[in-house]
Each structure stands twice: as C-alpha cells, then as structure tokens.
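Here's a short tour for anyone meeting this structure for the first time. Have a look around, then read on.

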Amino acid sequence: MKKRLLGLIALIFGGLVLGSVQPVKAATLKVGATKSPHAVILKHVQPKLKAQGINLKITVFQDYALIDQALVAKNLDVAYFAHKPYLQQEIKQKGYKIADVGAVHLEPIGAYSKTINHLSRIKSGATVLVSNNRPDYGRVLKLLKDAKLITLKKGTKLNQADFKAIAKNPKHLKFKYHYDPKLMPELYKNNEGAVVFINANFAVQAGLNPKKDAIALEKKSSPYANILEVRQSDRQKPAIKKLVKTLRSKATQKWIGRHFKGAVLPVK
C-alpha cells in the first residue's frame, strides 16, 4: 500500500513538473537582401540556423535604397547587401542609426569589355561607364590607377573619392557615371561603352563569371567587404549574434568560395 501511494505521488509530481515546462519559442529574423549572392548565402545557412532555434525569413529586394529604409522602419531585423562605405554614406546623408555587425564576403568590382582583353589597352578618348553608386567610385579609380591609366591628386582618400580626384588622364578617357547599378550588365552586353564597371552581384545575376569574364578585377584585400547591418539598439540580440557567427564560420566561408568559384570571395 505504501509503495502504491509513493508511486502515485511521484506520478502526480512528475506531471506537475512536465506541465510547467513551456516549449521554447523559435526566434524569427527578417533579413532583407539582394538576390545574389546575398539571398543565396542566406538560404544556405537557413537549416543551420533553424537547428539553433532561429527561423530566417528572407526578403529579396531589387533596389538598394529600399533595404535600409525597411530596416529603419522595423520591417526588417537585418540588412545584408552593402559594404561599409555605402553604410557610412547612408548614415551621413540620412542619419540612420544603423550598425555594422560583421563582414561576410567580398563582391569584387570588375571592368568588362567587348573589345579589349586588358584594361590598360583601352584606346584614347574611349568611354568608361560606371554606376551612380558613389561609394564605388574609389574602387573604380583604384583599378584605373593600377592599370596606369590615371593618376590621382595628392592626399586622395579612395573611400571618399570621386572622379574629380583624377590628376592626370593621359588617354583622355570619358567617364559616365549616372547609371543604376543593376543596369550595368545590360550596358556591357549592348557594347555601350569601351569598358563597363560591374559589381560582382549584378555580374553573377546576369550570367557573368567575374573571375573569367572581367578584364580587371578587384583583389581580395579590398576594404569593400559586404556587411550585416542592424539597428544600433539590436546589436546584442542573441539571434543576431548567432546569424553573424554562422555566416562568418569556417564552414560557411569555405562554402562561399567553393560555390561561387571565385566570383564571390570569403572574407576569412
């Protein structure tokens, strides 16, 4: 009788303990990204984050500017599309309270041409097409300088430079830089400039392989790695820290290098 009573008490007590345990609710992170490579990379880590209790909801954008707007409006938790100079420009111009929480990959900007196979062989008076994304101007100027096509004014800071920083242009190249970044592959395919500079994400989306198709390509040492952006108040959120850690892990970084075959470079 005593054993039966003790067993009944244990059963009741166990039921109370089990009943008090609440299932852990999975966290949801809404991330805004461009189609490739950002959304592709995010989809790769989705299962890994799910195993850590994080549901990754990915929204693909075509327009750069709309992503930061959505982040500030709290329609997103994370933005993954831009490099740090772009973010610094947005903060300076619009007063966004957005923080960089880590670099993930580099999309090397490249020069593409239908008529020449090396940037230094561009003809005198030729037209060079560049997008209107001002933070990329320094990247273009460096590639032109490395090809010995231009020299820059003394004291020029590439992360702040524009085409007025050119001191010498011996081949009298003509620069046009009013195009939407996503239109650059189309301009190249239509042979609308002797040289067209294209960001790797738009090149990849257009079926180009920057490593093979570009006549000049930014090096891995570039400071323009793509970052994860969050609102300043969210920097310490556990779910965001897990996302950063997963994207910057050795396994993910190795996958980026392998999957994109050098067209997109891991930062670590």
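## A glycine in a loop

Where is Gly125 found? Gly125 sits in the loop between strand 5 and strand 6 (127–131). Keep in mind that this is a predicted model.

Is Gly125 buried or exposed? Its relative accessibility is 29%, so Gly125 counts as partly exposed. Leaving out residues up to four places away in sequence, Gly125 touches Lys171, His172 and Lys174. There's also Asn169, which is 44 residues apart from Gly125 along the chain, with 10.0 Å between the two C-alpha atoms.

## The sheet

Strands 5 and 6 both belong to an open sheet of 5 strands, which run in the order 9-6-10-5-11 with mixed pairing. At the edges you'll find strand 9 (174–179) and strand 11 (216–217); each has a single partner strand, so one side of each is left without a neighbour in the sheet.

Strand 11 pairs with strand 5 (residues 110–112) in the antiparallel sense, over 2 bridges. Here Ala111 stands opposite Ala216 in strand 11.

## Two helices that pack

Now for a pair of helices. Helix 2 (residues 35–50) packs with helix 10 (residues 250–259) at an angle of about 140°, and their axes are 11 Å apart. That angle is under the 145 needed for roughly antiparallel, so helix 2 is oblique to helix 10. Their crossing is right-handed.

Who makes the contact? From helix 2 come Val40, Ile41, His44, Val45 and Lys48, while helix 10 brings Ala251, Thr252, Trp255, Ile256 and His259. Sorted by class, the contact of helix 2 with helix 10 has 6 nonpolar, 3 polar and 1 charged residues.

Notes. Residues numbered from 1 in each chain as written. Predicted model: local features only at pLDDT ≥ 70, side-chain atom pairs only at ≥ 80, totals over all residues. Heavy atoms only, no water. Pairing = 2+ DSSP bridges. Helix = DSSP H or I, 4+ residues; strand = E, 2+ residues; numbered from the N terminus. Axes fitted to C-alpha atoms, helices over the stretch in contact; angles between N-to-C directions. Parallel < 35°, antiparallel > 145°, perpendicular 65-115°, else oblique. Left-handed = near helix turned anticlockwise from the far one by under 90°. Contact = heavy atoms within 4.5 Å. Nonpolar A, V, L, I, M, F, W, Y, C, P; charged D, E, K, R; others polar. Buried < 20%, exposed > 50% of the residue type's maximum accessible area, 1.4 Å probe, protein only.
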